[in-house]
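User: Please take a close look at one part of this model for me. I would like to understand the metal site and the elements around it.

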Amino acid sequence: MSDAQGLHAVRGRIVHCLHDPGEGDDRNALEVFDDGVLLIEGGRVARVGPAEDVLATVGAEVSVTDCRGQLVVPGFVDVHIHYPQTDMIASYGEQLLAWLERYTFPTEGRFGDAAVAADTAGFFLDELLRNGTTSALVLGTVHPESVEALFQAARGLGMRLAAGKVLMDRNAPEYLRDTAESGYRDSRELIERWHGVDRLSYAITPRFAPTSSEAQLERVGELATAYPDTYVHTHVAENRAEVAWVSELFPWSRSYLDVYDCYGLVRERALYAHCIYLDERDRRRMAETGAVAGFCPTSNLFLGSGLFDYATARSDGVKVGLATDVGAGTSFSMIRTVAEAYKVAQLQGTALSPARLLYLATLAGAEALAVADRIGSFREGNEADFVVLDPTATPLMARRHAHTESVEEQLFALFTLGDDRCVKSTWLQGACRYSQSDRA
Ligand SMILES: [Zn+2]
């Protein structure tokens, strides 16, 4: 279907964001080619523009994948997801702390078995691709084997992916605990083996403050300083009971975020999932350090955690990426996730524009992971990760689509009504890695 090294053209309605459309919905943020061509060479974007113009510059022998009638957008970027929770998604009836005890910990306990890890990692990455997600920041379990399996599988696909072993030395079952020392050692070994290999990056991953002792957080801080271009990936201020627990465990801290800050973990390339119960000082601290908030709407609704205030976070200068947070999140689909983000913002008096929804699913994630110079848009030279979406995937969508005029209307209807059924194909570095027609 494609040759990652040769010249290859994809023709369709091409839409991508050049920057955040912002509150004012800046019209220049969205670049649209109604009949466009994405020209790929050596796995990278060589050119994007009107089909007529681009095709005129290449020889007749160039292979063209015809996606006219469909949308070609950059691959989706999911900035916070737990791959070991794939098998326990949609577990009933608890809020965060009880949900972890009852469902999460027993499931994660199985990942010391390399065969379980490899099997789940393969399914998980296929599921990302089936949903149009081409990059993700992923949590493993406490077991180094879990991350080893995921990196191996992602490397085989050529996927841009970041992941890390969970660090957790207290307030968790014995079978899921490391120690300050072993967690440090295992993380460092994984960094040395995987960070920067092909498109893989390592994320130093304390689960959340309650499950790490002060001794462990100190070691985590040392790692984060020693390896400044790795990610730091954790949770903060998701649930009221959790926030109260943190203030008991760390009575000296000014706030939950402050615990991490005291260990040097609030920095560039640090991703904090949830950020629901932060105050202005916390947000200011995130903005000045470049730390990123992970907006997880389906998870926050599912566990009854609360509503992330996207508008305030952005106006305070905090970078925000969108995330499914599977398995508390209820879908792998960034299309479903964007639709729920819209509703969460609506409940707080903000209507996110269609362009901003596309931004959240694509470029915002790339910016959150500090890789916007490589993915998230079709800028020349970027890695050609993209997804082909069918805006008429269901009878209702087809009917609604017939009544749309602008690309903004089409995008909005697709995000509101769509899901994995819209994903026709998913491409990594110019190579097709998932095609709906292969499964039909
Ligand atoms: Zn999470």
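Analyst: Here is the metal site, followed by helices and strands of the same chain.

This is a predicted model, where local features need pLDDT of at least 70 and side-chain atom pairs count only at pLDDT 80 or more, while totals for chains, interfaces and linings use all residues. Residues are numbered from 1 along each chain as its sequence is written, and side-chain values use heavy atoms, with hydrogens and water left out.

Start with the metal. The zinc ion is coordinated by His 80 (NE2), His 82 (NE2), His 235 (NE2) and Asp 325 (OD), at 2.1 to 2.3 Å. Donors are N, O and S atoms within 2.8 Å of the metal (3.2 Å for Na, K and Ca); water is not among the atoms, so sites may look incomplete. In sequence, the donor residues follow the spacing H-x1-H-x152-H-x89-D. The angles among the 4 donor atoms run from 87 to 172°, and the site is irregular. Four donors count as tetrahedral if all angles lie between 85 and 135 degrees; four count as square planar and six as octahedral if opposite donors are over 155 degrees apart and all others between 65 and 115; anything else is irregular. Both His 80 and His 82 are buried. Buried means under 20% relative accessible area, exposed over 50%, partly exposed in between (1.4 Å probe, protein chains only).

Now helix 2. Helices (H or I, at least four residues) and strands (E, at least two) are DSSP runs, numbered from the N terminus. The buried residues of helix 2 include Leu 96, Trp 99 and Phe 105. Its buried residues pack against strand 5 (76-82), helix 7 (240-249) and helix 10 (297-302). Contact here means heavy atoms within 4.5 Å. Helix 2 bends by about 35° at Arg 102, and Pro 106 follows within four residues. That bend is the angle between axes fitted to the seven residues ending there and the seven starting there.

Helix 2 (residues 96-108) spans only 16 Å between its end C-alpha atoms, where a straight helix of 13 residues would span 18 Å at 1.5 Å a residue. The expected span is 1.5 Å times one less than the number of residues. Helix 6 (residues 214-226) has 13 residues and should span 18 Å; its end C-alpha atoms are 18 Å apart, which agrees.

Last, the strands. Strand 1 (residues 7-17) and strand 2 (residues 30-41) run antiparallel, joined by 10 bridges. Two strands pair if DSSP finds at least two bridges between them. Cys 17 stands opposite Leu 30.
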